[in-house]
Amino acid sequence: MVFAALALSIFLNSGCKKIAGPGAQAEYVLGTYCRIDLFENGNGELYNRLFSRLAELDRLLSANRDDSELAQVNRNAGLEPASVSPELLAVLERSLYFAEISGGAFDPTVGPLVKLWGIGTETPRIPPEEEIRVALDLVNWRDLEITRQNGGTAFLKRRGMALDLGAIAKGYAADELAEILRKAGIPRAIIDLGGNAYVWGTKNGGDPWSIGVQDPMQERGNYAGILKLGNSASIVSSGIYERYFTENGRRWHHIMDLTEAGGRRGYPAENGLFSTTVILTSSMDADALSTACFVLGYEKGLALARANGAEILFIFEDKTIRGSPGALEAFSLTGDYRIP
Ligand code: AMP
Ligand code: MG
C-alpha cells in the first residue's frame with residue numbers, strides 16, 4: 001500500500017534539502033516538506049519542472065518573505081493598490097469567495113493576528129488581550145479590494161493590514177502541479193505538500209489509492225485511518241498538530257478563530273476538534289474549506305463542505321470521527337478512534 005504521507009516523517013528527520021528516493025523527490029518549499037512521487041514516469045527534468053513551479057509560487061504567495069508579490073500588497077496597505085499577477089489575483093478572488101460564504105471564519109487578511117501569535121516561528125507567545133484587540137481590528141476581508149483593471153491590482157484599505165494565504169496557497173500549488181502532470185500526460189502520481197495531498201490518476205492495476213489521515217495526537221506518519229479513493233482527488237487536512245506551541249499547560253495551535261460565536265475571537269479555534277480533512281477535486285477549494293470548517297466546527301462546517309460539493313471528516317478531541325456519508329464510506333479506522 002502507498003500512503004501519501006508515509007515518507008514525510010523520514011524526510012522531516014533527515015535535515016536534507018532534497019532527497020531522491022526511488023521514484024520520489026522532496027524539497028522544503030512553501031514553508032513545508034513537499035514530496036512528489038511520479039512512480040515509473042519519474043525523471044529529473046519533470047521533477048525539476050514541478051519543484052521550480054513550487055518555488056515560483058512561493059515567490060508569489062508567501063507571507064514570510066519580503067520579495068514576494070504578496071509582501072508588496074502588504075507594504076502598500078493603506079497607501080495605494082499594488083499591481084498583481086493574474087495568478088495572485090485568482091487566489092485572492094477565491095479567498096474572498098470563501099471568506100464570504102464562511103461568514104469570515106476563513107479570512108485571507110488574518111496576517112496581523114498570525115504575526116502577533118508567531119505560531120510556527122521561533123518566538124511564539126500568548127499575546128496580551130489589548131494587542132489581540134488591535135490586531136483583530138485589522139483583520140477584515142471586506143477591506144481587501146481587488147480589480148482586474150489596470151492589469152490587476154489588490155489593495156488593503158487600512159495601514160497595518162496584511163494578507164496571509166497560509167490556509168489556501170498550498171492547495172493552489174497542488175492544483176498547479178496536477179495541471180502540469182495533466183499536460184505532460186502523466187498517468188499517476190502522488191503530490192504531498194505537507195498535509196495537502198493530491199492523488200493523480202489511477203493507481204497501477206486500477207486499485208484505489210490509500211491515503212493515511214494523520215492521527216492528530218501521534219507523530220507524523222501515524223494514521224487515525226485510511227481513505228480509499230478511486231481517482232484523481234485532493235485530500236487536505238487542517239488541525240491542531242501542524243503548528244503549535246505549548247504554554248501554561250496548553251496547546252496553542254495556528255488556526256485562528258475569527259467568529260463571534262465562541263467568544264474566543266483572536267485565539268486559536270477551540271470547538272472540540274482535532275482536525276478536519278476535506279476531499280475534493282480542487283485542492284485550492286479543499287484547502288480553504290478544511291480551514292474554514294475547522295474554525296466553524298462540526299455542524300456549520302459539515303453544511304459548508306456539502307454546499308461546496310466536498311466530502312469531509314472531522315476528528316474530535318473525544319476520539320470520535322464524524323463526517324459526510326461519502327467520506328465515511330471511503331474511510332476505515334486504523335488508529336485509536338471510533339465512529340459513533
Ligand atoms: P491550514 O493549515 O490550511 O488550515 O492553514 C492554516 C494557516 O492559515 C495558518 O498557519 C495561518 O497562516 C493561516 N490562518 C490561520 N487562521 C486562519 C483563518 N481563520 N482564516 C484564514 N487563514 C488562517
Ligand atoms: Mg487550509
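Along the sequence, the donor residues of the magnesium ion (ligand 2) follow the spacing A-x119-D-x3-T. The model behind this pattern is a predicted one. Ala167 and Thr291 link distant parts of the chain, being 124 residues apart. Ala167 sits in the loop between strand 6 (153-156) and helix 7 (169-184). Thr291 belongs to helix 8 (residues 283-296).

Now look at the atoms themselves. Ala167 contributes its O, and Thr291 its OG1. Asp287 appears twice, through O and through OD. These protein donors lie 2.0 to 2.5 Å from the magnesium ion.

Are the two ends of this link buried or exposed? Ala167 has 18% relative accessibility, so it counts as buried, the limit being under 20%. Thr291, at 12%, is therefore buried as well.

Next comes helix 7, which starts after the loop that holds Ala167. Its 16 residues should span 22 Å at 1.5 Å a residue. The end C-alpha atoms are 23 Å apart, which agrees. Helix 7 is mostly covered, with 12 of its 16 residues buried. Among them are Ala169, Lys170, Gly171, Tyr172 and Ala173. Asp175, Glu176, Leu177, Ile180 and Leu181 are also on the buried list.

What covers the buried residues of helix 7? The cover includes three helices: helix 2 (44-61), helix 4 (86-101) and helix 8. It also includes strand 3 (32-37), strand 7 (188-193) and strand 8 (196-201). Helix 8, part of this cover, also carries the magnesium donor Thr291. After helix 7 comes Gly185, with a positive phi near 70°.

Helix 8 can be checked in the same manner. At 1.5 Å a residue, its 14 residues should span 20 Å. Its end C-alpha atoms are 19 Å apart, in agreement with that figure. Helix 8 is mostly covered too: 13 of its 14 residues are buried. Just after this helix, Gly297 takes a positive phi of about 85°.

Turn now to charge pairs. Side chains of opposite charge can pair when their charged atoms come close. A search of the whole structure finds 22 salt bridges. One of these joins Arg53 to Glu56, with the closest N and O atoms 2.5 Å apart. Both residues lie in helix 2, three residues apart, or about one turn of the helix. An α-helix has 3.6 residues a turn, so residues three or four places apart point the same way.

The two partners differ in cover. Arg53 is buried, with a relative accessible area of 12%. Glu56 has 39% relative accessibility and so counts as partly exposed. Which residues are linked with this pair in a network of salt bridges? Glu87 and Glu176 are linked with Arg53 and Glu56. Glu176 is one of the buried residues of helix 7, and helix 2 is part of what covers that helix's buried residues.

Two other bridges have no buried partner in the pair. Arg265 bridges to Glu260, the closest N and O atoms being 3.7 Å apart. Arg265 is partly exposed at 28% relative accessibility, and Glu260 is exposed at 64%. Arg306 and Glu311 also meet through their side chains, at 3.3 Å from N to O. Arg306 counts as partly exposed at 40%. Glu311 is partly exposed too, with a relative accessible area of 22%.

How values were computed: Residues are numbered from 1 along each chain as its sequence is written. Chains are lettered from A and ligands numbered from 1 in the order in which they are written. This is a predicted model: local features need pLDDT of at least 70, side-chain atom pairs count only at pLDDT 80 or more; totals for chains, interfaces and linings use all residues. Side-chain values use heavy atoms; hydrogens and water are left out. Donors are N, O and S atoms within 2.8 Å of the metal (3.2 Å for Na, K and Ca); water is not among the atoms, so sites may look incomplete. Helices (H or I, at least four residues) and strands (E, at least two) are DSSP runs, numbered from the N terminus. Buried means under 20% relative accessible area, exposed over 50%, partly exposed in between (1.4 Å probe, protein chains only). The expected span of a helix is 1.5 Å times one less than its number of residues. Contact means heavy atoms within 4.5 Å. A salt bridge is a side-chain nitrogen of Lys or Arg within 4 Å of a carboxyl oxygen of Asp or Glu.
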